[in-house]
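Biologist: Could you take me on a close look at one strand and its surroundings in this model? I would enjoy one connected account, with the cut-offs spelled out.

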Amino acid sequence: INMGNLATEKVQQSIETLRNKQARIYLFAQDTKGNAKASIRYIYQVAMTLKTAGFNPIILHEKNDYSGVSAWLGDEYMTQLPHKSIEGQNLEISPEDFLVIPEIYGYIMDQVKQLPCAKIVLTQSYAYMLETLQPGQSWAQFGFLKCITTTNVQKEYIERVMRQSSI
C-alpha cells in the first residue's frame, strides 16, 4: 500500500465525517453539584442547538460522579445529550473532532495540548481568561487557536491579549 494513497484516503474520510456532521464536538462543562449556573446553562444550550441542527455534541466533564443539570435545567439536557467523563477514560478523539473548553480551564489546556483535534476556547467572562494560566502563557501554545465569545467588547479585549487566536 502506498503511504501517499493511505494519507489521501484518511483526509477524504475526515472531510466526509465533517460534511456528514459526524465529527464529535466535545463541550467541557464543570460540575455545579446541582447549583444553577448561567455559564453552564449556555454550554448546554449550545450543545442542544448543535444536536437539533444534526451535529454530534458531547458534554465532557471531569469526574465519573457528575451531578448533571436535571435538577435546575431539565431532564432533557441529561437524556438527549451524550455525556463523557475524562476521569480514567480514553476519549475517542480524531483530527476532525472539536474540543471546546471554557476560559477558566487553562490547566486542562495543558493536559490536552497533544490531542489531534481542533481546540477552541469558549470565553464567557474575560475576568477568568488569565486566571489559570501561568504568567506569559497563552492559549496558542496549547494549540487553542480559535475562540468563541459572547460579546463584541470581550472579542476586542481577547484580540488584544491573545493575539495568536482567531475570535
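Modeller: Happily; here is a walk around strand 2 and the sheet that holds it. The model is predicted, so local features need pLDDT of at least 70 and side-chain atom pairs count only at pLDDT 80 or more, while totals for chains, interfaces and linings use all residues. Residues are numbered from 1 along each chain as its sequence is written, and side-chain values use heavy atoms, leaving out hydrogens and water.

Strand 2 covers residues 56–61 (strands are DSSP runs of E with at least two residues, helices are runs of H or I with at least four, and both are numbered from the N terminus). Five of its six residues are buried, so strand 2 is largely enclosed by the rest of the structure; buried means under 20% relative accessible area with a 1.4 Å probe, protein chains only, exposed means over 50%, and partly exposed lies in between.

On one side, strand 2 runs parallel to strand 1 (residues 24–28), joined by five bridges; two strands pair if DSSP finds at least two bridges between them. Among the partners, Arg 24 is matched with Asn 56, and Leu 27 with Ile 59. To get from strand 1 to strand 2, the chain passes through helix 2 (residues 38–52) in a right-handed β-α-β crossover. Right-handed here means that, with the strands pointing away from the viewer, the path from the first strand over the helix to the second runs clockwise.

Strand 2 is also joined to strand 3 (residues 83–85), in parallel, by three bridges. There, His 61 stands opposite Ser 85.

The neighbouring strand 1 is mostly covered too, with five of its five residues buried. Arg 24, Tyr 26 and Phe 28 lie on one side and Ile 25 and Leu 27 on the other, so to speak two covered faces. Strand 1 pairs in the parallel sense with strand 4 (residues 98–102) over three bridges, and Tyr 26 has Leu 99 as its bridge partner there.

Put together, these strands belong to an open sheet of six with the order 3-2-1-4-5-6 and parallel pairing. Strand 3 and strand 6 (144–149) are the edge strands, each pairing on one side only. From one strand to the next, the twist averages 30 degrees, with axes fitted as lines to C-alpha atoms (for helices, over the stretch in contact) and angles running from 0 to 180 degrees between N-to-C directions.
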